[in-house]
Amino acid sequence: MQIGSMPVMPQGASPRDQVANTLNAQVEAGDITSEDQDAMMAALDAIHTERMEAGLPEPGGTPPSREEMQANFESMLSDQVEAGTLDQDQADHLAEMFEEGELGRPPKPGPDGGQGGAAQELLSAILSQLQSGSTYDGSGEQSGEVASLLADYTV
């Protein structure tokens with residue numbers, strides 16, 4: 001099975017709708033069958049239900065890294081294979097989609113860096129500038145140092 005590119009999602013689409021739309025596009029492209037899609041959605045719904053019943057993680061904990069999230073997701077997929085909801089090819093397909101960020105919004109990066117590292121560097125630079133003295137010149141105008149840090153940052 002090949003993983004297709006994620007179709008453009010309408011704003012406000014739920015993560016479940018985004019996954020359903022992605023899988024629909026893969027069915028239409030012939031990458032997966034409608035039976036694969038049904039099994040994958042059933043497994044994802046079961047995983048979601050289990051996660052909701054387990055409750056939220058304790059606040060203040062360190063978020064998992066991408067590798068830890070991937071391993072946790074693959075473990076949950078293995079449980080679905082053992083339960084007979086998915087076959088191994090379907091589980092592998094979902095694991096690959098998760099890794100590529102095709103299961104809705106990509107997961108937030110954990111302490112392993114990712115985009116979070118660049119944002120953290122920007123925040124540190126701004127904080128350093130603010131702590132080093134005034135960002136206003138003698139005329140009361142804001143100096144360009146902090147503003148230029150923000151202008152140079154792109155996501």
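Which residues of α3 are buried? In this predicted model, the buried residues of α3 are M69, Q70, F73, M76, L77 and Q80. Seen down the axis of α3, these buried residues fall within an arc of 125°, and they therefore line one face of the helix. The face of α3 that is turned away from this buried side carries the exposed residues E67 and E82. The cover over the buried residues of α3 includes α2 (34–54) and α4.

The protein chain as a whole has a secondary structure of 6 helices and 0 strands, and its elements, read along the sequence, follow the pattern α-α-α-α-α-α. Of the 155 residues of the protein chain, 27% count as buried. The accessible surface of the protein chain comes to about 10100 Å², and 50% of this surface belongs to carbon and sulfur atoms. Among contacts between residues at least 6 apart in sequence, 61% join residues that are at least 24 apart.

Confidence in the prediction varies along the protein chain, whose mean pLDDT is 75, with 59% of the residues reaching 70 or more. The highest mean, 94, belongs to helix α4 (residues 88–99), whereas the lowest, 53, belongs to helix α6 (residues 144–152). Two stretches call for particular care in reading. Over residues 1–10 the pLDDT stays under 50, and for this stretch the model has 30 contacts beyond four places in sequence. Over residues 110–115 the pLDDT likewise stays under 50, and here the model has 12 contacts beyond four places in sequence.

The geometry of helix α3 (residues 66–83) was compared with expectation. At 1.5 Å a residue, the 18 residues of this helix should span 26 Å, and because its end C-alpha atoms are 26 Å apart, the two values agree. The helix is followed by G84, whose phi is positive, near 85°. Within α3, A71 has a relative accessible area of 42% and is therefore partly exposed, the range for that class lying between the limits of 20% and 50%. A71 and A95 are 24 residues apart in sequence, while their C-alpha atoms are 9.2 Å apart in space.

The relation between α3 and α4 can also be followed through aromatic side chains. The structure holds 1 aromatic pair, which is formed by F73 and F98 and is stacked, with 4.5 Å from centre to centre and 20° between the planes. Since F73 lies in helix α3 and F98 in helix α4, the pair ties together parts that are 25 residues apart in sequence. Both partners of the pair, F73 and F98, are buried. F73 is thus described twice, as one of the buried residues of α3 and as a partner in the stacked pair with F98.

Helix α1 (residues 15–28) has 14 residues and reaches 20 Å from its first C-alpha to its last, close to the 20 Å expected at 1.5 Å a residue. The buried residues of α1 are Q18, V19, A20, T22, L23 and Q26, and these residues pack against α2 and α4. Helix α2 and helix α4 accordingly recur in the description, as they are also included in what covers the buried residues of α3. Helix α1 is followed by G30, whose phi is positive, near 80°.

Two residues of α1 illustrate the range of accessibility within this helix. Q26, which lies in helix α1, has a relative accessible area of 2% and is therefore buried, the limit for a buried residue being under 20%. Q26 and Q37 are 11 residues apart in sequence, and their C-alpha atoms are 8.7 Å apart in space. N21, also found in helix α1, has a relative accessibility of 30% and therefore counts as partly exposed. N21 and L103 are 82 residues apart in sequence, whereas the distance in space, C-alpha to C-alpha, is 9.9 Å.

Methods
Residues are numbered from 1 along each chain as its sequence is written. Side-chain values use heavy atoms; hydrogens and water are left out. pLDDT is the predictor's confidence in each residue, from 0 to 100. Helices (H or I, at least four residues) and strands (E, at least two) are DSSP runs, numbered from the N terminus. Contact means heavy atoms within 4.5 Å. The expected span of a helix is 1.5 Å times one less than its number of residues. Buried means under 20% relative accessible area, exposed over 50%, partly exposed in between (1.4 Å probe, protein chains only). The arc is that of the directions from the helix axis to the C-beta atoms. Rings of Phe, Tyr and Trp (its six-membered ring) pair if their centres lie within 6.5 Å; planes under 30 degrees apart count as stacked, over 60 as edge-to-face and the rest as tilted. Accessible areas come from the Shrake-Rupley method with a 1.4 Å probe; for residues, only the protein chains shown count as cover.
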